Amino acid sequence: MMKQLFPIKHVVGYVSSLVLSAIALVVLMDLPAAAEMGILLVTAILQASLQLVLFMHIGESGDKKSLYINIAYALFVALVTIFGTLFIFVWGWYS
């Protein structure tokens, strides 16, 4: 009975998130910049997908098409915000 009630997937997801965060912290110690960014990008993508699957229950919906459209739209908005900010403040449009 207790085995059925214990959220083993959530505990494993939490520990995995902690490990990925620790890896991201350790990477910043003493590596070349390109290697740091590559490892940080991989750990960020892994952690985001882990969070989506385990804690936001992304795969449990019946309507998967609208779910992936919503994720794509959120990524689009995030990228437009990031690159718009870079365009305005860093690349010299705002002078």
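This report describes how two helices pack in a predicted model and looks at four residues within them.

**The helix pair**

Helix α2 covers residues 8-27, and helix α3 covers residues 33-55. Their axes come within 10 Å and cross at roughly 165°. Because an angle over 145 degrees counts as roughly antiparallel, α2 is roughly antiparallel to α3. The crossing in which α2 passes α3 is left-handed.

Both helices supply residues to the contact. From α2 come Lys9, His10, Gly13, Tyr14, Ser16, Ser17, Leu20, Ser21, Ile23, Ala24 and Val27. From α3 come Glu36, Ile39, Leu40, Thr43, Leu46, Gln47, Leu50, Gln51, Leu54 and Phe55. Sorted by class, the contact of α2 with α3 has 11 nonpolar, 8 polar and 2 charged residues.

**Burial of four residues**

The table gives the relative accessible area of one residue from α2 and of others from α3.

| Residue | Helix | Relative accessible area | Class |
|---|---|---|---|
| Ser17 | α2 | 7% | buried |
| Thr43 | α3 | 8% | buried |
| Leu54 | α3 | 16% | buried |
| Ala34 | α3 | 65% | exposed |

Why does Leu54 count as buried? Its relative accessible area is 16%, and buried means under 20%. Ala34 counts as exposed because its value is 65% and exposed means over 50%.

**Contacts of the buried residues**

The contacts below leave aside residues up to four places away in sequence.

Ser17, in helix α2, is in contact with Gln47, Leu50, Gln51 and Phe55. These four partners are listed among the α3 residues that make the helix contact.

Thr43 lies in helix α3 and touches Leu20, Ile23 and Ala24. The α2 side of the helix contact includes these partners of Thr43. The side chain of Thr43 also reaches the backbone oxygen of Leu40, at 3.0 Å.

Leu54, another residue of helix α3, is in contact with Lys9, His10 and Gly13. Those partners of Leu54 also belong to the α2 side of the helix contact.

**Distance along the chain and in space**

Two residue pairs show how separation in sequence and separation in space can be set side by side. Leu54 and Val12 are 42 residues apart along the chain, and their C-alpha atoms are separated by 9.3 Å. Ala34 and Lys65 are 31 residues apart in sequence, and their C-alpha atoms are 36 Å apart in space.

Notes: Residues numbered from 1 in each chain as written. Predicted model: local features only at pLDDT ≥ 70, side-chain atom pairs only at ≥ 80, totals over all residues. Heavy atoms only, no water. Axes fitted to C-alpha atoms, helices over the stretch in contact; angles between N-to-C directions. Helix = DSSP H or I, 4+ residues; strand = E, 2+ residues; numbered from the N terminus. Parallel < 35°, antiparallel > 145°, perpendicular 65-115°, else oblique. Left-handed = near helix turned anticlockwise from the far one by under 90°. Contact = heavy atoms within 4.5 Å. Nonpolar A, V, L, I, M, F, W, Y, C, P; charged D, E, K, R; others polar. Buried < 20%, exposed > 50% of the residue type's maximum accessible area, 1.4 Å probe, protein only. Polar contact = N/O pair within 3.5 Å; in protein donor to acceptor, adjacent residues only side chain to side chain.
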